[in-house]
Amino acid sequence: MTEQLKSIELEQNVLGACLANNAVIDDVAVILKPEHFSEEIHAKIYHRLLNEAGKGSVDALKLRPYFQNEELLSGAGGAQYLEDLQASALGGMVVIGHAQSILDLYKRRNLISEFQEKAARLMSLEEPFEGIVGELDQVMTNLDTAGHASPVSYTHLRAHETKANLVCRLLLE
C-alpha cells in the first residue's frame with residue numbers, strides 16, 4: 001500500500017545534488033534525516049555523506065571506498081552508482097523542494113503505518129477505545145510539529161532573504 005509513497009527518483013536527485021554541490025548539504029540536512037529515505041541504500045549513502053561533509057568536502061569518489069562491497073548497491077551498478085548520482089544532479093533550489101517531498105512521503109508512510117496498527121488494535125476489542133484514540137491524537141500532534149523547531153543554516157536563511165527580511169545581515173551587524 002505504501003509503495004506509491006516512495007520516490008526513488010526524488011531520492012536520487014537529492015543525493016546527486018548533495019554530491020555535486022556540497023553547498024546544498026546544510027539546507028537539505030535541515031529537512032532530511034537518513035531514516036526519511038525509503039530506500040535503505042539511499043539512507044546509508046545520505047548518512048555517510050553527512051558524516052563526510054562534517055569533515056570537509058564530499059563527492060562520489062570520496063564515498064566510493066565505503067560502498068565498494070555494499071551488497072545493496074550491487075543491483076544498482078555497484079559503487080559506480082554514486083558517480084551516476086553525482087553526474088545526474090539537478091541544481092538550484094529544486095533540491096530543497098525534492099527534500100521536502102521526500103519528508104512528506106516519509107510522514108505519509110509513517111502515518112499510514114500508525115493508523116494500520118491502531119486499526120488492528122481497535123478491531124481486537126481488547127483495549128479501551130479512549131486509550132487508542134488518545135495515542136492517535138498524540139501521533140497527529142507529533143506529526144504536525146515535526147521539524148518545526150529545527151535550526152536552519154546561514155545558507156538557508158540567505159537563500160530566503162528578501163529586502164524586507166534582512167535576517168542574516170542584521171544578525172551579523
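## The end of helix H7

Leu125 comes right after helix H7. Its phi is positive, near 60 degrees. The model is predicted.

## Helix H7 itself

H7 runs over residues 94-124. That gives the helix 31 residues. From first C-alpha to last, H7 reaches 46 Å. The expected figure, at 1.5 Å a residue, is 45 Å, so the two are close.

Several H7 residues are buried. Among them are the nonpolar residues Val95, Ile96, Ala99, Ile102, Leu103, Leu105 and Leu111. The buried list also holds His98, Arg109, Lys118 and Arg121.

## His98

His98 sits in helix H7. Its relative accessible area is 16%. Buried means under 20%, so His98 counts as buried. Leaving aside residues up to four places away in sequence, His98 touches Leu10, Asn13, Val14 and Leu90.

## Where H1 meets H7

Leu10, Asn13 and Val14 also appear in the contact between H1 and H7. On the H1 side, Glu11 and Ala17 join them. H7 brings Val95, His98, Ala99, Ser101, Ile102 and Leu105.

The axes of these two helices come within 9 Å. They cross at roughly 135 degrees. H1 is therefore oblique to H7. The crossing of H1 and H7 is left-handed.

## Where H3 meets H4

A second helix pair is H3 and H4. Their axes come within 11 Å and cross at roughly 120 degrees. This angle makes H3 oblique to H4. The crossing here is right-handed.

H3 makes the contact through Ile41, Lys44, Ile45, Arg48, Leu49 and Glu52. H4 answers with Lys62, Leu63, Tyr66 and Phe67.

## The nonpolar core

In soluble globular proteins, nonpolar side chains tend to be buried together. Here, the largest nonpolar core has 32 residues. Val14, Val28, Leu32, Phe37, Ile45 and Leu63 have the most contacts inside it. At least two core residues come from each of these helices: H1 (8-20), H2 (25-31), H3 (40-53), H4 (60-67), H6 (80-87) and H7 (94-124).

Two of the contact-rich core residues, Ile45 and Leu63, also take part in the contact between H3 and H4. Val14, another of that group, lies in the contact between H1 and H7.

Ile45 has a long list of partners. Not counting residues up to four places away in sequence, Ile45 touches Leu15, Leu63, Phe67, Leu73, Tyr81, Leu82 and Leu85. Of these, Leu63 and Phe67 belong to the H4 side of the contact with H3.

Note on methods:
Residues are numbered from 1 along each chain as its sequence is written. This is a predicted model: local features need pLDDT of at least 70, side-chain atom pairs count only at pLDDT 80 or more; totals for chains, interfaces and linings use all residues. Side-chain values use heavy atoms; hydrogens and water are left out. A nonpolar core is a set of buried Ala, Val, Leu, Ile, Met, Phe, Trp, Tyr and Cys residues joined through side-chain atoms within 4.5 Å. Buried means under 20% relative accessible area, exposed over 50%, partly exposed in between (1.4 Å probe, protein chains only). Helices (H or I, at least four residues) and strands (E, at least two) are DSSP runs, numbered from the N terminus. Contact means heavy atoms within 4.5 Å. Axes are lines fitted to C-alpha atoms, for helices over the stretch in contact, and angles run from 0 to 180 degrees between N-to-C directions. Angles under 35 degrees count as roughly parallel, over 145 as roughly antiparallel, 65 to 115 as roughly perpendicular and the rest as oblique. A crossing is left-handed if the near helix is turned anticlockwise from the far one by less than a right angle, and right-handed if clockwise.
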